[in-house]
Amino acid sequence: MVCPDCNTELPDDSKFCSYCGSSLIIVKEAGYDRNNALLIAGLFYGINMLLCLLIKFIPGVQQLRYYLIFDIINSIITIAFVAFTFNNITHSLKWNNFSFKKLMMYSIIAVLSSLVVQFLIGLLNRSLFDEENYYYSTFSGTAFPILFMFLMIAVQPALIEELGYRGLIMSQLNRILDSKQVIFISAFVFALIHLNIFSMLWIIPFAVLLGYVREKENTIWYGVIIHFMFNATACIVEVYDLKLL
Amino acid sequence: MEYQSAEVTISELHCEACSAIIKEEDFFCQNCGFPIKAPAEERDAFINDRNFHAFELTEMQKKIKNASTSIFVISGFTAAAAVVIYFMTPETQNPLALMIINLVVAGIFLGLGFWCKKQPVAAIISALCLYIILWLIAIIDNPLNIVSGIIIKILIIGYLIKGLKSAFEAQKIKKAHNL
């Protein structure tokens, strides 16, 4: 490596330049940056969490029309936050170096892990709670139930959750923390949003994968595909299970 | 008979400030930035400064330790509550499931407590989020839960936030001086 101040050639693992003494370590945050980034990420997360608490716990609200309102409000808020912090987030919204091979590889990983997770959840639900949970029932009264199920369970979350968590929250945390910490924190808080302690056990690893891919490929879009394929597989399996097609 | 033994000693130079290996031609230590060839006052000032930052770090480690202890306390309380809940919940409300849920929560806090040694910032932020959300859910379930155990809750959250601030500072100091 080369010292940025005096241009001396240095061994790669140097922490200080042996010629001019400059620090070579990147220290990420200034005081203002830290508070600002935490505020933005915290505010977005807080609003998101509030909406999730409302939709989950207020009695009588667990119906399609309220889910739709919830989705719309959530989407607007996410896009608004993204717009306001566009400078920080813009690089992760591009998709440079699109690779079909990678797309295939990530899609396969998504589908396989979805099948595994669904199997395990099914086991858990049956053994511990003695019940089955199906998404389809929410949509059965609509004009195009399977289409709407895909839109609301696979498409919308893949877009908006990736935008909010791998996009906004990770960009903000990246201003003040290292990659590893950012990936873990965003995965953990993302898992919390689902308000189900057992789901945390598989969502945390899944979100770590999404975060890792976002860092490695410098874009949220592979994650969007992974998330979509994961949720879509769940829908397809359900359609199969209920013998709807 | 004459024995000729050639001893070639390669003397390794070590940095006064951090003991890392340095080379004859270096002006600064590549590990800690110590000004090797500066006059004595500058070298002494650097070492004093470095010692001061090391001392600051130990103070911060204490606060971080308080935070990780709080996390372990939460874990212990939750595990104990899990057992109590199992025996006190009527059969119709699925006491086994409730107990397992609490045990999983206790397990997550336990993991975060250990994780705090390695990545205090990530662990404390996660613990804070989980703790506050559990509190919110308890309040939604029964608004009286706002006040139940509120002193302990505020204490714990206080320790966690202090620990988080210290963790951020410690991270910065470690990085800037490679301590």
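Begin in chain A of this predicted model by colouring the residues by pLDDT, and select helix α5 (residues 136–139), where confidence in chain A is lowest at a mean of 83, and then helix α7 (residues 179–193), where it is highest at 96. Taken over its whole length, chain A averages a pLDDT of 90, and 97% of its residues score at least 70. Keep a general caution in mind as you look around: where pLDDT is low, the predicted coordinates should not be read in detail.

Now colour chain B in the same way, where the mean pLDDT is 89 and 94% of the residues reach 70 or more. Among the elements of chain B, select strand β1 (residues 13–14), which has the lowest mean pLDDT, 86, and then α3 of chain B, which has the highest, 94. For the complex, the predictor gives an ipTM of 0.88 and a pTM of 0.88.

**Chain A on its own**

Hide chain B for a moment and show chain A as a cartoon, in which you should be able to count nine helices and zero strands. If you follow the sequence from one end to the other, the pattern reads α-α-α-α-α-α-α-α-α. The C-alpha atoms of chain A fill a box of roughly 75 × 35 × 35 Å, taken along the principal axes. Of the 245 residues in chain A, 47% are buried, and among contacts between residues at least 6 apart in sequence, 67% join residues at least 24 apart.

**Salt bridges within chain A**

The structure holds nine salt bridges over all chains, and a few of them are worth a stop. Select A:D33 and A:R175 and show their side chains, which form a salt bridge whose closest N and O atoms are 3.2 Å apart. This pair links distant parts of the chain, since A:D33 lies in helix α1 (residues 31–57) of chain A while A:R175 lies in the loop between α6 (145–174) and α7, 142 residues away. Is each partner buried or partly exposed? A:D33 is partly exposed, with a relative accessible area of 22%, whereas A:R175 counts as buried because its relative accessibility is 16%, under the 20% cut-off.

Move next to A:R214 and A:E215, whose side chains meet in a salt bridge at 3.6 Å, N to O. A:R214 has a relative accessibility of 2% and so counts as buried. Then select A:K102, A:K216 and A:E217 together, which are joined into one network by salt bridges that share partners.

**Where the two chains meet**

Bring chain B back into view and select the residues of each chain that touch the other: 38 residues of chain B are in contact with 37 residues of chain A. Between them the two chains bury about 3300 Å², of which 72% is on carbon and sulfur atoms. Which three residues of chain B supply more of the area that chain B buries against chain A than any other three? They are B:Q30, B:F168 and B:K175, which together supply 18% of that area.

Look now for the charged and polar pairs, of which two salt bridges are found across the interface of chain B and chain A, while the count of residue pairs in polar contact between the chains, both at pLDDT 80 or more, is eight. To see where the chain B side comes from, select α2 (95–118), α3 (120–141) and α4 (150–177) of chain B, each of which supplies at least two residues of the side that touches chain A. The residues on that side divide into 24 nonpolar, nine polar and five charged.

For a closer look, select B:E169 and A:R34, which form a salt bridge with the closest N and O atoms 2.9 Å apart. B:E169 is partly exposed, with a relative accessible area of 27%, and A:R34 is buried, with a relative accessible area of 11%.

**A last stop inside chain B**

Finally, select B:H53, which is found in helix α1 (residues 40–88) of chain B. B:H53 has a relative accessible area of 13% and is therefore buried. What does the side chain of B:H53 make a polar contact with? The partner is the side chain of B:E56, at 3.1 Å. Leaving aside its neighbours within four places in sequence, B:H53 is in contact with B:I173, B:H177 and B:L179, so add these three to your selection to complete the picture of its surroundings.

Key: Residues numbered from 1 in each chain as written. Chains lettered and ligands numbered in written order. Heavy atoms only, no water. Contact = heavy atoms within 4.5 Å. Buried area = accessible area lost by both parts, 1.4 Å probe. Salt bridge = Lys/Arg side-chain N within 4 Å of Asp/Glu carboxyl O. Polar contact = N/O pair within 3.5 Å; in protein donor to acceptor, adjacent residues only side chain to side chain. Helix = DSSP H or I, 4+ residues; strand = E, 2+ residues; numbered from the N terminus. Nonpolar A, V, L, I, M, F, W, Y, C, P; charged D, E, K, R; others polar. pLDDT = per-residue confidence, 0-100. Buried < 20%, exposed > 50% of the residue type's maximum accessible area, 1.4 Å probe, protein only.
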